[in-house]
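Trainee: Please take me through one part of this structure closely, and then set it beside a few other parts. I would like each term explained when it comes up.

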Amino acid sequence: MVKLAHEHTDEDCLSLVTIFQSLPERDIATLAEIVSEHHYKSGEFLYHAGDNADSLMIIAHGQAKVFQIAANGKEQMIRILQTGDFDGEAALFENDERNSFAQTLMDTDVCSISRNDFQKLMKTSPELAVNMVNAFGQRITQLEQQNTEVTTASVESRLANYLLETSAGLDEERFTLPLKKKDIATYLGTTPETISRKLTKMADDNLLENKGLKVKILDSDGLAMLI
């Protein structure tokens with residue numbers, strides 16, 4: 001088992017995942033026994049399109065982009081995985097192939113649970129299986145609520161959250177944005193021009209310094225107030 005750069009326990013990883021947060025502590029402890037830990041350097045791939053989707057991945061620390069390659073060879077951003085996000089929960093129940101790529105944007109720690117280990121555990125613990133079904137039901141409700149929040153939250157709020165998450169992941173107040181503005185815009189559901197305007201306004205408000213893709217956060221509390 002690989003030792004993570006940021007000291008996490010297996011139970012810490014599981015506590016980050018929404019679908020596990022409602023489980024009793026004994027179930028968390030049982031699941032922790034089948035968690036594997038991995039450290040990826042910035043730029044490494046978590047998976048490629050065509051890989052067997054056979055595990056749930058939990059971002060314990062860091063950031064990764066999930067994208068597809070269009071017919072013209074260009075990347076099409078799908079989403080960004082940040083600390084606490086997870087990917088591939090369906091892989092715990094069905095055998096399928098990845099249809100996208102996931103590449104780290106900074107050094108990233110990942111915890112994973114393989115489908116085989118998970119299904120073996122379900123067979124030996126019926127009570128855990130029932131609790132998991134209930135947890136997935138709650139997850140569906142939470143996703144519906146999140147979709148509503150995303151459509152109503154302002155671009156400024158979502159950008160402030162992205163900047164703070166990126167700063168925390170890199171553990172730096174001064175950093176180069178790991179994504180181009182067009183990709184940040186795609187992720188936040190807006191345009192590159194709007195991203196530029198919002199960054200300029202944040203700079204004018206002395207929340208940060210901004211030059212191109214280089215950012216220095218001056219007032220993290222002020223940015224947090226925008227969220």
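Mentor: What follows looks at one sheet, then at a residue on its edge strand, and then at some other elements.

This is a predicted model, in which local features need pLDDT of at least 70 and side-chain atom pairs count only at pLDDT 80 or more, while totals for chains, interfaces and linings use all residues. Residues are numbered from 1 along each chain as its sequence is written, and side-chain values use heavy atoms, with hydrogens and water left out.

The protein chain has nine helices and 13 strands. Both are DSSP runs numbered from the N terminus, helices being H or I of at least four residues and strands E of at least two. Four of the strands form an open sheet in the order 2-9-5-6, with antiparallel pairing; two strands pair if DSSP finds at least two bridges between them. Strand 2 (45-47) and strand 6 (75-82) are the edges, and each has a single partner strand, so one side of each has no neighbour in the sheet. From one strand to the next the twist averages 30 degrees. Angles run from 0 to 180 degrees between N-to-C directions, and axes are lines fitted to C-alpha atoms, for helices over the stretch in contact.

Within this sheet, strand 5 (residues 63-69) pairs with strand 9 (residues 101-104) over four bridges in the antiparallel sense. One bridge can be named: F67 has F101 of strand 9 as its partner. Helix 6 (residues 155-170) packs on the sheet and touches strand 5 and strand 6, its direction making about 70 degrees with that of strand 6. Touching is judged by contact, which means heavy atoms within 4.5 Å.

Now take Q82, which is found in strand 6. Is Q82 buried or exposed? Q82 is buried, at a relative accessible area of 5%; buried means under 20%, exposed over 50%, and partly exposed in between (1.4 Å probe, protein chains only). Its side chain has a polar contact of 2.8 Å with that of Q63 and another, of 3.3 Å, with the side chain of Y187. A polar contact is a pair of N or O atoms within 3.5 Å; within protein, one must be able to donate a hydrogen and the other to accept it, and residues adjacent in sequence count only if both atoms are side-chain atoms. Beyond its neighbours within four places in sequence, the residues in contact with Q82 include I59, Y162, E165 and T166.

Strand 4 (residues 55-61) has seven of its seven residues buried, so the rest of the structure largely encloses it. Strand 4 pairs with strand 10 (residues 108-114) over six antiparallel bridges, where S55 has S114 as its partner. Strand 4 also pairs with strand 7 (residues 86-87) over two antiparallel bridges, and M57 stands opposite D87 there.

In helix 4 (residues 115-124), the buried residues are R115, F118, L121 and M122. Seen down the helix axis, they fall within an arc of 130 degrees, so they line one face; the arc is that of the directions from the axis to the C-beta atoms. The face turned away carries the exposed residues N116, K120, K123 and T124.

Last, confidence: pLDDT is the predictor's confidence in each residue, from 0 to 100. The chain's mean is 86, with 89% of residues at 70 or more. Residues 1-5 have pLDDT below 50. Where pLDDT is low, the predicted coordinates should not be read in detail.
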